Amino acid sequence: MSVTFRPMTIEDYDAAVALWKTDEHLGFSESDERARISRYLERNAGCSFVALDGEKVVGTVLAGEDARRGFINHLFVLEDHRGLGIGGSLAALAERALAKTSSTKSYVFVKHDNEAAARFWQRRGYYLCDDFCTMRRSLSDEPYAAYVELDEAGVRDYLVSHQLAPAAAGLSVEEFGDGNMNHIFRVSWDDASLIVKQSMPHGKIDVTCFEPVCRGVFESRYVSFYEKVIPEMIEGRLLADETMALSVYRDYSGFSTLRRELMAGRAVSGFGDFCGRYLARELFHSSVLGLGIERKKQLEPSFSNLRSRKLTEDYILVSPFFDSPDNCVDAVSRLLVEPLWEDVEVAGAARLLAMDFVSNKQCLIHGDFHPGNLFVGERDFIVSDFDFASWGPVAYDLGTMVGNLVLSHRTQREGRGNPDAVRASICCEIASIYDSFEEELERLVPELSAAAVRRFCEGVFVRSLGYAGCTVAGRSYGYCRFPEITSINDDDIRAKVLTALLDDVRFLLLDAHDASELVERLCR
């Protein structure tokens, strides 16, 4: 076999496209249309190449520059011609051509799941750039031009067209749920039903609030990742449509949220064990423990979710610790909160946690893991609502749930079931979360000694208690106020509850060393 190489011309276009369309990792889009490739080759003359076996095109590489940097795309070799050094020769030709321009660096784009390509480029001296992420949008359309916000009639037509529901007169569609930035519809017919959730670019409560619908993409990616390894613990998704920012799930009509149960004064047993095991699996499957270092690095850019992370940083980790206009503080609350704002130790502890959150890409976290997103069934639990999914410390998810449980514990009042039983139940479940997390992690990583797992968990647990303190602050008087707080109409009762919560904030951020101390404090 004699393989030759020459610069690519537009006459090679049809043969090149035939190759590109055979590879799922390479992809083919409007950017690869003949007219655009023709302009690309003219603009970057002599930088792109083909490999020929006789007259047959068996390999391609596209290369171009922007007067500062060089870019290599569509390096591809026909499968039965691989292992002969053709790919390396094409890459070398492109690099030498770019070196003759004014480019000082060469960049390549590799899809996160294309491990073979990543290894190929690493062998040539390329490394992962983790100091920035790649973002894109279409220049030919306005943002979300293909997105259509659905109403009840639109949902019906959508499901019928995707063959997820019958075109029957008895098809019923109703909107329900409390999502401010989402439409949530229940669709029913005969004995069947589905749930459709669609992200919106504006809020229902405040229509001037704008959040990109692309946050639905991160939810979709989170579910796609974890439904392969912990499908029994997350929503049963039937379809995901990133263009429409929606997902279709099985109906959980028989479920209630944990928050709703606790607010009604009902004790719920077993959710602590579920949460601990869920978070341990979340950590294992998306950290270097389960993925390995290289695979973890390849996946990181897929879940940057910068906008949602910014909300967490601002409204949970920063604003509650100074007199910020984002906080929701009435006259009664202000007198109680001002001393906390003046406490430099508390502010410093929160600042260190904010640094941990921003810099720690430990695993793929839920980002908003609280009782409102945990569905309670007759015998089981389901996690939902992954809009805030991103890389971060597992301690944050752990702390978010625990902080919300502290709020539920403090706001239990007479006249709502049996508050003493609910408080005792919450204390028991908080302890169970930590115990189950450690036990599950020890099971998942048998190569680590029990002592090593214990030392690791001790560090995670201490940080989680700090994050719980931040959550309590943000939910007590910050922008993300807790429903139980806002529902207290009596000023004296609200002041009493808030005083206890402010003391909890200080304790969690400064004095708590393990979960048993928190449980003991709540049980007094």
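This passage goes from the overall build of a predicted model to one of its sheets and then to a single residue, Val422.

Taken as a whole, the protein has 524 residues, and 50% of them count as buried. Its secondary structure comes to 19 helices and 15 strands. Measured out along the principal axes, the C-alpha trace spans about 85 × 60 × 45 Å. As for the surface, about 25000 Å² is accessible, and carbon and sulfur atoms hold 52% of that area. Contacts lean towards partners well apart in sequence: of those with a separation of 6 or more, 70% are between residues 24 or more positions apart. On the charge side, the count is 58 positive and 81 negative. The mean positions of these two sets are 4 Å apart.

Next comes the sheet. Five strands make up an open sheet with mixed pairing, and their order is β1-β2-β3-β4-β5. The edges are taken by β1 (3-7) and β5 (106-108); each has a single partner strand, so one side of each goes without a neighbour in the sheet. Going from one strand to the next, the twist averages 25°. A helix also sits against this sheet: α2 (residues 34-43) packs on it and touches both β3 (56-65) and β4 (70-77). The direction of α2 makes about 65° with that of β3.

Back at the β1 edge, the partner strand is β2 (residues 49-53), and the two run antiparallel. Five bridges hold the pair in register. Within this pairing, Val3 stands opposite Asp53 of β2.

The last stop is Val422, a residue of helix α15 (residues 419-444). Is this side of the helix buried or exposed at Val422? With a relative accessible area of 1%, Val422 falls under the 20% cut-off, so it counts as buried. Leaving aside residues up to four places away in sequence, Val422 touches Leu262, Gly265, Arg266, Ala267 and Gln412. One of these partners, Gln412, lies 10 residues from Val422 along the chain, and the C-alpha atoms of the two are separated by 7.7 Å.

Methods:
Residues are numbered from 1 along each chain as its sequence is written. This is a predicted model: local features need pLDDT of at least 70, side-chain atom pairs count only at pLDDT 80 or more; totals for chains, interfaces and linings use all residues. Side-chain values use heavy atoms; hydrogens and water are left out. Helices (H or I, at least four residues) and strands (E, at least two) are DSSP runs, numbered from the N terminus. Buried means under 20% relative accessible area, exposed over 50%, partly exposed in between (1.4 Å probe, protein chains only). Contact means heavy atoms within 4.5 Å. Accessible areas come from the Shrake-Rupley method with a 1.4 Å probe; for residues, only the protein chains shown count as cover. Lys and Arg count as positive and Asp and Glu as negative; His and the chain ends are not counted. The place of a charge is taken as NZ of Lys, CZ of Arg, CG of Asp or CD of Glu. Two strands pair if DSSP finds at least two bridges between them. Axes are lines fitted to C-alpha atoms, for helices over the stretch in contact, and angles run from 0 to 180 degrees between N-to-C directions.
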